[in-house]
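Visitor: I should like to understand the terms applied to this structure. Please explain, in each case, what justifies the wording.

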Amino acid sequence: MRNLGATGFFLERASAILLVFLLAAHFIVIHFQGAGEDAWSHGAIFLRLSSPLWLVFYIIFLSVLLYHGFYGLWGIAVEYVRRVSLLAAIRACLVAVSLALWASGIFILANSQMLLANPPALCYKCHARGSIPSYRAMRFFGLHRPWQGAQTERALENFPASGKDVESAVTDPRLKVLSFTGSATVGWGLKRLACDK
Amino acid sequence: MLHRFDTLVIGSGLAGLSAAIEASRHGSVAVIAKLYPTRCHSSAAQGGIAAALGNEDPDSPEWHVYDTIKGSDYLADQDAVRTMCEAAVKTVIGLEHMGVPFSRTPGGKIAQRRFGGHTKEFGAAPVRRACYCADRTGLAIVTTLYEQSQRRGIKFFPEFHVLDIMMEGDRCLGAAAMEIRTGEICAFSACATILATGGYGRVFRTTSNAIQSTGDLPGILLEKGLPLEDMEFFQFHPTGLYGLGILVTEGARGEGGVLVNGKGERFMERYAPHIKDLAPRDMVSRAITTEIREGRGVGERDFVYLDLRAIPEKTLSERLPEIMNFCRIYMGVDPSVAPIPVVPTAHYAMGGIPTDQGGRVMKNEAGETTLGLFAAGECACVSVHGANRLGCNSLLDTVVFGRRAGEAAGKMKDIFMVEAAAESEEVLGPAKNTVSEILRRRGDEKTGAVRKDLQELMMGRCSVFRNEAGLKAALEGIKELKERAKHIAITDRGKRFNTEVLEAIELGRLIDLAEVIVSSAVQRKESRGAHSREDYPERDDKNWLKHTFAFKKAGAFKTEGNIEFSYRPVSIAGFPLRKREY
Amino acid sequence: MRYGQKGAQVRRRPGTGFLAFILHRGSGIILAFFILPHLYMLYFLKDPARYEAIRGVFINRMAVRLAGAGLLALVLAHGLNGARVMLLEAGAPSRLQKALFVTALIIGLLLLAAGARLMIAA
Amino acid sequence: MEKDRVKKFRIKRWDPERASKPRWEEFTVSLDPFERLLDGLIRIKDNLDGSLTFRSSCAHGMCGSCAMKINGKNALACQTLAKNTPEVVVLEPLPAFPVIKDLVVDMDPFFEKIGRIMPWLLEDGPPPERERTQSPEEMKKILDAIKCIMCGCCTSACPVYRAGKDLYLGPASLVKAARFIFDSRDAGWEERLEMVSGKNGIWRCHSIYNCYEVCPRSIDVTGIISRLKRMSVKKMLLPPRRPG
């Protein structure tokens, strides 16, 4: 038990700092798209999960979040529970529940990888709206051209893009169908590009 | 409840804790006190503890001895003073080793500052001798000693009010105390009992002393037929906050503060041309009182100013932070921009339970001691302070003689066996009677009113200046107060934490002590140190170079009221008597 | 004059720090349990139709969108106060604790306004 | 006196010996603006109700006896002036400690907690002939902590302490620990730091600042605890040496 307190405290603070960034990314990508946006549609999630970077992101996010949250709950228990045996039981419960949650998260991620290897056929849709935050975030993580490196068969639905990205998407031979929401000029320009295919 | 320890210490101030720590080397020790250990009044000591460390100025214990004797107006026993001053350096360093967080010089040594009456080369100029911890030296030392007592496994009994000392002839067998929390009276048997209950400044209205400084133990000893020594000498500290009596340490003048009267004069130049504001306390108090009496007080009121504005702000906040705080809180004055209104305030009892240098309580002027009974600190009189104590010598006195008493008391268990007392009327009877007698009283007097009148009386008749007529009137007044005290009605008849009963008991002791103080003052027909008679303005070494022993029993030489007196010569060892000038 | 037990009520203002602490603890507990619905939903990723059906419920109900904004508020409260506490623990002077609380409050409200607009807008 | 101001003291009174529940009682006394609330209490005890029970000693904020809850905030009655209080002064015993009678609470658990952290200087070997040296800068590190008078205001104001009295050491004990841990002369700092880093020590502090707000000695209590936290983390991360 050498200075466990300091370790716990330090990890709690460290995980908090990590969480600031992880949660910011999470909120920007998922929640700040406007309620009508599809950043957490089935396709969008699978698109992200097809990238190893996002996979790692989610594993870290899950672990850090669970550690931070359950360590916090444990801290409250320590403060209010006097009986040592009860405290030990609570501790065991918290550890078990957090591990179970972690395992189920990992299971979901693993499951998604298996689905990705054998996907249902779907069309690709492209949102040419470069200004929205999620686009900027994806650009930041280098994920703004999700179709590059994707297998032809993979389902790709509804991603944000702008300018050059869209051009590359339209000209990419692997993209078969393209739907578009955005201004007319851009739309017609895209159409011309697509026709060249 | 019955308890048995090798050594019993009553009082948890500096003297008590020092004694307890020392005694714990020899056997089991219990400390009982009517407050929690760190609530003692030693923690209010501000300025410092004197020791000729020579860290800031060249210094020598010999000069310290001289200053103390001169400061005492030659009434101190010179051999005891020598013992104290020569032990001072070791004592302070011992305290530092225990962990007292002293302020430091840039070189990392214990910092020292100037204090009233401390000089170099036998009076040449002020010297930096007071080792301090900002202006919370007492708190720092008390806290440290309490910590060390905990380390040594000393058993504390906080909030036990001692009601009786168990005596068997000349031998002390322990004490009976009430556990305030339950009202239960317990007997503490011990081979040695050390009294360290501090002062009794609460006989005066304006005092720097704590509300709990009520002189319980000297009062009890008086009843047991034991003497009290030099009770007429009560020090008035020159700079108490006006109206409150909260002390402004002499260190404030040591750092460069000056006293200013209503005309804006630095009047101490007239009274002590050499060391001015750093003259001993009795002189400064007299000077202030004279200024006020002669109409040179500030405005229409009866105070003078202590001006600290010459001290740089940084020094103020580093070395006198508590003073700054007190002035801001209680006076609404910021000492760095305005002078502080001050008046002399009752501060320290030079007199008390007579002891030898080992803390053994004397039972008569011949120096015969009682077995198993010791005293140290302000409640005791060794006497190292004589007629006037120098600033910073009180902390030194408590620690040096506390330790000596503790050592002597700790060894008692080898020569004096005391068994645990049995629960009997003989043992606990007197203590129980004290309480039941108070509870039996019927009448319409209130403790607070009688106490207030006593304090007013003492302040008016027996403070800085005294005269025969005033003192006689005070004796009459005290007689009346004694009568009134018999009619105090107690409203709280519960057992649990009954402070009303305790206050009535304390008041009884205070009145007894006031009587001894006034009686002693009446019979000493001279002016010496803090005892300043207007009708006898000169020091009279021919007739009065002697300690007063006041008894409450028959068979002595001289009588003033209910008190009888005998005398003990002053020990002179190396410092012949001279006129006292600064 | 004597009063009953409820006779003398003092109006007690909880200290800033205590308020912040309660907010922090409360939001923390709720947020810890927010992991559950997230995982529950993601569990249905294996069945796209089912997943999209559940998602539809969330997207189409205004109340649920508002709840989303509430989640953001909790995250901001927890996170910003966490930042405040960490700053103070890292050595920021104690006398700034109230000012830091107010600062966190203002930043939180601004972020909440911006974020909630994005979350609630269709 | 005309300058007197009438104050109402509303006091929570309880003598567990005689009543099963506390009751509130109101007294009217006159107090000068510059008088202390303690003066008011003494006046009540002297003139109105001798059974009113409270602790007092030094009467100028150096002993810590008269700590109580004044208008909802822990403070010393001897340090609170009449002019700084509203017309009605509400007095209660310190919370979190068992009430003995009226405004007197049992401080034993408080001192017992302080005793747990080995509150004494541990030397490293026999002391030198003279004093151990300590630079003024080193001394400054404990300057705040040595001001403590152990009145109990901080510990009693701490919600964490109130929730788990028998567990959490409480702010006063931690300040006491800091007084030694930051003392350059102390050899036991490592052991003591371990002690306060246990599960009932510094990690229970959530920087609520109640202790800081109430401390009658203006000690930066929470700041000191934060310093301990930093030191503990540093000690975990860095090779063992005495961090500042």
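Guide: Contact here means heavy atoms within 4.5 Å. The model is a predicted one. By that cut-off, 64 residues from chain B and 69 residues from chain D take part in the contact between the two chains.

Visitor: What area do chain B and chain D bury between them, and how much of it lies on carbon and sulfur atoms?

Guide: The two chains bury about 5400 Å², with 51% of that area on carbon and sulfur atoms. The size of an interface is often given in this way, as the accessible area lost when the parts come together.

Visitor: Why is the pair D:Lys140 and B:Glu318 called a salt bridge?

Guide: The term requires a side-chain nitrogen of Lys or Arg within 4 Å of a carboxyl oxygen of Asp or Glu. For D:Lys140 and B:Glu318 the N to O distance is 4.0 Å, and the pair therefore bears the name under that rule. Between chain B and chain D the count is 12 salt bridges.

Visitor: Which elements of chain B give two or more residues to the side that touches chain D?

Guide: They are helices H3 (78–98), H4 (137–151), H10 (321–331), H13 (447–461) and H15 (499–523) of chain B. H4(B) gives the most, with 7 residues. By class, this side of chain B has 25 nonpolar, 20 polar and 19 charged residues.

Visitor: What makes strand S1 of chain B largely enclosed?

Guide: A residue is buried when its relative accessible area is under 20%. In S1(B), residues 2–10, 7 of the 9 residues are buried, so the strand is largely enclosed by the rest of the structure.

Visitor: How do you know that S1(B) pairs with strand S9 of chain B?

Guide: Pairing calls for at least two bridges. S1(B) and S9(B) (residues 184–195) have 8, in the parallel sense, and B:Arg4 stands opposite B:Ser189 in S9(B). S1(B) also pairs in the parallel sense with strand S2 (residues 29–33) of chain B, over 4 bridges; there B:Leu8 stands opposite B:Ala30.

Visitor: Why are strands S3 and S4 of chain B said to stand at the edges?

Guide: The open sheet of 3 strands has the order S3-S5-S4 (chain B), with antiparallel pairing. S3 (49–50) and S4 (112–120) each have a single partner strand, so one side of each is left without a neighbour in the sheet.

Visitor: How many bridges join S3(B) to strand S5 of chain B?

Guide: There are 2, and the strands run antiparallel. The minimum for pairing is two bridges, so S3(B) and S5(B) qualify. Here B:Ala50 stands opposite B:Ala130 in S5(B).

Notes
Residues numbered from 1 in each chain as written. Chains lettered and ligands numbered in written order. Predicted model: local features only at pLDDT ≥ 70, side-chain atom pairs only at ≥ 80, totals over all residues. Heavy atoms only, no water. Buried area = accessible area lost by both parts, 1.4 Å probe. Nonpolar A, V, L, I, M, F, W, Y, C, P; charged D, E, K, R; others polar. Buried < 20%, exposed > 50% of the residue type's maximum accessible area, 1.4 Å probe, protein only.
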